[in-house]
Amino acid sequence: MDEKTLVERSRDGRRDAFEELVRMYNRKVFALAYGFVRDRATADDLAQEVFLKAYQALPSFRAESGFGTWVYRIAVNHIKDYLRKSSRRRTVSLDEVSEGPAAVDDGAETRVREHDEENRRREVFRVLETLPPKYRMILTLRDVEGLPYEEVARVLGVAPGTVDSRLFRARRMLRKKMNPYLGEKGE
Amino acid sequence: MNCRQAERRLLASFDRDLPASTGRSLVEHLERCPECRKRAEEYGLLRNRLAGDRVPESLPRFWERLESRMAASASPAPGAVLARLWAEAIPVSLALIAGFLIASLFLLPSSYRTADLSGSQALLLTEGNPIAETRAIIDEGQRDVRDLTVLFAADEVPPGRK
């Protein structure tokens, strides 16, 4: 069954059709939310709210864009609202706290390397959080989620030229902020 | 190609293929500019780290939990239905108003339309010919009738100015 039919049936109140749509986009919406909040439970809750909003707004969905783009747009706006409301700094759950590499044994070198790489990745995301929301949003959609360039324009509702200039500024800003860390050994 | 152009094109190359000649000049620039080469490596590194993000699975039973929330919130919100109806009502209302205005122009009796008009406006709307009317007065054979007609015409005041 194609997406359009699923949307039509969902609008007619068919739960099984909506369930199918949720299964198609659940992972993407969750990943998008996780890219911002870096917390599994919060990202899950945000994803649930996004689909709930989508379900409630189905009667107003005009199918001018694909369902995926539409849900993504709802997600982007919902996450923006969430971030605006919770001006708190990112909370780090216990399992995310770096404890340093485990005891040295066979394969320890690999684990140390992986551990270092994971720490560096976290550092990039920590700095990403400090960027202005519009730059953070576009980098997450394009470079973290890997959305095609044109899709980013549709989701954000901006012209491709704007995506171009905003991405340029966002990447440059991120690199400048990361500068003190990029010179570290192992980079 | 200067360093600023090189940076712009390097970042553009992350999103789309550059024209062959642009790609060649970018590579040439990077080969001879250590500063831009370092910058290109840093951009690549950051991009890989962003793309290599490890996203965990969402919590179990995602759909089942969502379904119960959907049930709690009942069927699609009345607000959304109203919003949709409202969005459809706006163009219909505008069309009705425009239709009413046009109809009022053409269907109302001409006396309604010209009641408050000056002599010139009434002539314009009724496509009257003031010269022909004046000519008829001048051509009037009897002098008394002609003088009276001119007198009454001069005395005529538009209804709105009374």
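1. Between chain A and chain B, 19 residue pairs are in polar contact, counting pairs in which both residues have pLDDT 80 or more. Five helices of chain A, namely helix 2, helix 3 (40-57), helix 5 (108-128), helix 6 (133-144) and helix 8, each supply at least two residues of the side of chain A that touches chain B. Helix 3 of chain A gives the most to that side, with 12 residues. This is a predicted model, and the points below should be read with that in mind.

2. The extent of the interface can be stated both in residues and in area. On one side 49 residues of chain A are in contact with 43 residues of chain B, and the area buried between chain A and chain B is about 4700 Å², of which carbon and sulfur atoms give 56%. Within chain A, the residues that lose the most area to chain B are Gln48(A), Phe168(A) and Arg175(A), which together make up 15% of what that side buries.

3. As for charged pairs, the search of the whole structure finds 19 salt bridges over all chains, and across the interface of chain A and chain B the rule finds 9 salt bridges. Arg142(A), Asp143(A), Arg171(A) and Asp15(B) are linked in a network of salt bridges, with residues from both chains taking part in that network.

4. Arg175(A), already named for the area that it loses to chain B, deserves a separate comment. Arg175(A) forms a salt bridge with Glu42(B), in which the closest N and O atoms are 2.9 Å apart. The pair crosses between chains, running from Arg175(A) in helix 8 of chain A to Glu42(B) in helix 3 of chain B. Arg175(A) is buried, and Glu42(B) is buried as well. In addition, Arg175(A) lies over the face of Tyr43(B), at 5.2 Å from the ring centre.

5. Arg172(A) also lies in helix 8 (residues 160-182) of chain A, and Tyr43(B) appears again among its contacts. Leaving aside neighbours within four places in sequence, Arg172(A) is in contact with Arg4(B), Glu7(B) and Tyr43(B). With Glu7(B), Arg172(A) forms a salt bridge, the closest N and O atoms being 4.0 Å apart. Arg172(A) has a relative accessibility of 18% and therefore counts as buried, since the cut-off for a buried residue is under 20%.

6. A further bridge between the chains is the one in which the side chains of Arg27(A) and Glu57(B) meet, at 3.8 Å from N to O. Arg27(A) lies in helix 2 of chain A, whereas Glu57(B) lies in the loop between helix 3 (34-51) and helix 4 (62-72) of chain B, so the pair joins two chains. Arg27(A), at 36% relative accessibility, counts as partly exposed, while Glu57(B), at 51%, counts as exposed.

7. Within chain A, a salt bridge is formed by Asp16(A) and Arg14(A), with their closest N and O atoms 3.1 Å apart. Asp16(A) is partly exposed, with a relative accessible area of 42%, and Arg14(A), at 39% relative accessibility, counts as partly exposed.

8. Turning to the fold of chain A, its secondary structure comes to 8 helices and 0 strands, and along the sequence it follows the pattern α-α-α-α-α-α-α-α. Of the 187 residues of chain A, 46% count as buried. Among the contacts in chain A with a separation of 6 or more, residues 24 or more positions apart account for 60%.

9. The aromatic pairs come to 8 over all chains. In the pair of Phe30(A) and Tyr34(A), the ring centres are 6.2 Å apart and the planes lie at 25°, so this pair is stacked. Because Phe30(A) and Tyr34(A) are 4 residues apart in helix 2 (residues 15-37) of chain A, they are separated by about one helical turn. Phe30(A) is buried, as is Tyr34(A).

10. Phe61(A) and Phe67(A), by contrast, form an edge-to-face pair, at 6.1 Å centre to centre and with 85° between the planes. Phe61(A) counts as buried at 3% relative accessibility, and Phe67(A) counts as buried at 1%. Together with Tyr25(A) and Trp70(A), Phe61(A) and Phe67(A) form one aromatic cluster. Elsewhere in chain A, Arg38(A) lies over the face of Phe125(A), at 3.9 Å from the ring centre.

Notes: Residues are numbered from 1 along each chain as its sequence is written. Chains are lettered from A and ligands numbered from 1 in the order in which they are written. This is a predicted model: local features need pLDDT of at least 70, side-chain atom pairs count only at pLDDT 80 or more; totals for chains, interfaces and linings use all residues. Side-chain values use heavy atoms; hydrogens and water are left out. Rings of Phe, Tyr and Trp (its six-membered ring) pair if their centres lie within 6.5 Å; planes under 30 degrees apart count as stacked, over 60 as edge-to-face and the rest as tilted. Buried means under 20% relative accessible area, exposed over 50%, partly exposed in between (1.4 Å probe, protein chains only). A charge sits over a ring if NZ of Lys or CZ of Arg is within 6 Å of the ring centre and within 35 degrees of the ring normal. Contact means heavy atoms within 4.5 Å. Buried area is the accessible area (1.4 Å probe) that two parts lose on being put together, summed over both. A polar contact is a pair of N or O atoms within 3.5 Å; within protein, one must be able to donate a hydrogen and the other to accept it, and residues adjacent in sequence count only if both atoms are side-chain atoms.
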